[in-house]
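Welcome to this short tour. Please open your viewer and keep the selection box ready.

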Amino acid sequence: MTERHYFGTDGIRGRVGVEPITAEFALRLGRATGTVLRARHQRPRVLIGKDTRLSGYMLESALEAGLAAAGADVILLGPMPTPAVAFLTRSQRASAGIVISASHNPYEDNGIKFFSADGEKLDDAVEAAIELAIDASAPTLSPRDFGKATRLPDANGRYIEFLKSRLESSLGALEGARLAIDAAHGAAYRIAPRLFEELGFGVNAIGASPNGYNINEGFGATDLTALRAEVARTGAALGFALDGDADRLMALTAEGRLVDGDDIVYVLARHWQKRGSLRGPVVGTVMTNLGVELALRELGVGFERAAVGDRYVHQRLRECGGVLGGEASGHVICRHKASTGDGLMTALLLLEVIAESGRTLTELVSDLHRFPQRTINIRIARPAKALLQEPPIQAARIAVENALGAHGRLILRASGTEPLIRVTVEARDAAAVDQHAMMLADVVRRAAEG
């Protein structure tokens, strides 16, 4: 695969005001995208959604101008969850969809990611073509061929009705139950409360007052402190936390126990297997807890691991004919329900399992025995690939792997979305996990500072 200069594992992401997350680059990117799409579609139509970061206005306007200059029509969606953009791109028969978001990152960051006409992540070949076009001379069009921009009426309502249509059975048994919903001051701050209220739940919404700066700050899937307090305060039956662009979900039981993506995949897989709707193996990542793999295999459910990143989970599911996969971070992909991971969809499917089984979420996860696991993130200012190959790090890695043997796992990798190296150790012995993780993290930290 051609080396990428701009696209990472999930679009283009970085600090606002620093190339490539600038108005100037977004203008070039929009024009390049329009040029590539125009070679494939006579009159491209591109949807643009965004989260609630203040910088989204700047990037949205620049992308709109670039696309229009290349002869593409633009449909603006405003604040909209990433999976909603994927759905609307497909349902509106658009040529592509664009999301302006840095997901779970702080407001100082932003990103631009793309969906194909099918509502799936762009193929590598299309991304490569866009990269080439960014730095190439853009063709000048006749003014008659420029694109125009419009807005899609009731985009929120269209997406909510789509989510409801994915349920296979009624949630009536749960009607009136109280839910605590944390929208992370992000893209789903309007949609999430409305969805659950329309389904008959009592809703206490927090993280639903964005101001352009507070996305993910003390709220959402990356910080459950506020949601845990709200569940306790209101006596909610469940708590759901989304991230800034609402493509991932974390849940809390009534007792405040965390139910993450690994737990959710297990709960859905077991229920769908009993129902007869599970197809193919379940796909996790190299980070998926070993206890989940063993539990699924005991149920007779196949399990495979992909590289970290929801696009790789989706790719492997497509290759092996599976329908369910996910990551501990809360990305859960249900290919027979949606074209991408969707936090609100995941919440609805969990509620469906609870309603059908007559069991609480606490009961549904009670028999899953996970291995102790610890991840330490080390921020770096040097290229991660070269740093990870340094002799002290390699020696420490080999020492930990030898110590763990067949009773544990070590994952040492660079983040695909942030300047971090992640050290993860997993084993049956919690004390050994902490000891090995801290030792290796210290070695990486010293090498990074050297």
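Before the first stop, one cut-off: a residue is called buried when its relative accessible area is under 20%, and exposed when that value is over 50%. With a relative accessible area of 8%, His185 is therefore buried. Keep in mind as you click around that this is a predicted model.

**The whole chain**

Start with everything shown as a cartoon. You should be looking at 15 helices and 18 strands. The radius of gyration is 22 Å, close to the 22 Å that the globule rule gives for 450 residues, so the chain is as compact as a globular protein of that length. Turn the view to the principal axes, and the C-alpha atoms fill a box of roughly 70 × 60 × 40 Å.

Now switch on the surface. The chain exposes about 18100 Å², and carbon and sulfur atoms supply 51% of that area. Of the 450 residues, 58% are buried. As for contacts between residues at least 6 apart in sequence, 71% join residues at least 24 apart.

**Stop one: Phe7 and Pro20**

Select Phe7, in the segment before strand S1. Is this residue buried or exposed? Phe7 counts as buried, at 4% relative accessibility. Show its surroundings: leaving out residues up to four places away in sequence, Phe7 touches Ile12, Phe114, Glu127, Ile130 and Glu131.

Next, pick Pro20, which is 13 residues from Phe7 along the chain, with 10.0 Å between their C-alpha atoms. Pro20 sits in the loop between strand S1 (12–15) and helix H1 (23–38). Zoom in on the backbone here: the peptide bond joining Glu19 and Pro20 is cis, with omega about 15 degrees.

**Stop two: Arg93 and His185**

The backbone deserves a look at two more places. Most residues other than glycine have a negative phi, and most peptide bonds are trans. Arg93 is not a glycine, yet its phi is positive, about 55 degrees. Find Arg93 in the loop between helix H3 (82–91) and strand S4 (96–100). Arg93 is exposed, with a relative accessible area of 74%.

Then go to His185, another residue other than glycine with a positive phi, near 55 degrees. Which elements flank its loop? They are strand S7 (178–182) and helix H6 (191–198). Whereas Arg93 is exposed, His185 is buried.

**Stop three: Leu152**

Select Leu152, in the loop between strand S6 (149–151) and helix H5. Leu152 is buried, at 13% relative accessible area. What does Leu152 contact, setting aside neighbours within four places in sequence? Its partners are Ile75, Leu76, Leu77, Leu88, Gln92 and Arg158. Draw a distance line to one of them: the C-alpha atoms of Leu152 and Leu88 are 9.6 Å apart, though their positions lie 64 residues apart along the chain.

**Last stop: H5 against H11**

From Leu152, move along to helix H5 (residues 155–165), and colour helix H11 (residues 343–357) as well. The two axes come within 10 Å and cross at roughly 35 degrees. The crossing is right-handed. Show the side chains where the helices meet: Tyr159, Phe162, Leu163 and Lys164 on H5, with Leu344, Met345 and Leu348 on H11. By class, this contact has six nonpolar residues, no polar ones and one charged residue.

Methods. Residues numbered from 1 in each chain as written. Predicted model: local features only at pLDDT ≥ 70, side-chain atom pairs only at ≥ 80, totals over all residues. Heavy atoms only, no water. Axes fitted to C-alpha atoms, helices over the stretch in contact; angles between N-to-C directions. Helix = DSSP H or I, 4+ residues; strand = E, 2+ residues; numbered from the N terminus. Left-handed = near helix turned anticlockwise from the far one by under 90°. Contact = heavy atoms within 4.5 Å. Nonpolar A, V, L, I, M, F, W, Y, C, P; charged D, E, K, R; others polar. Rg over C-alpha atoms; globule rule 2.2 N^0.38 Å. Buried < 20%, exposed > 50% of the residue type's maximum accessible area, 1.4 Å probe, protein only. Areas by Shrake-Rupley, 256 points an atom, 1.4 Å probe, with all protein chains shown as cover.
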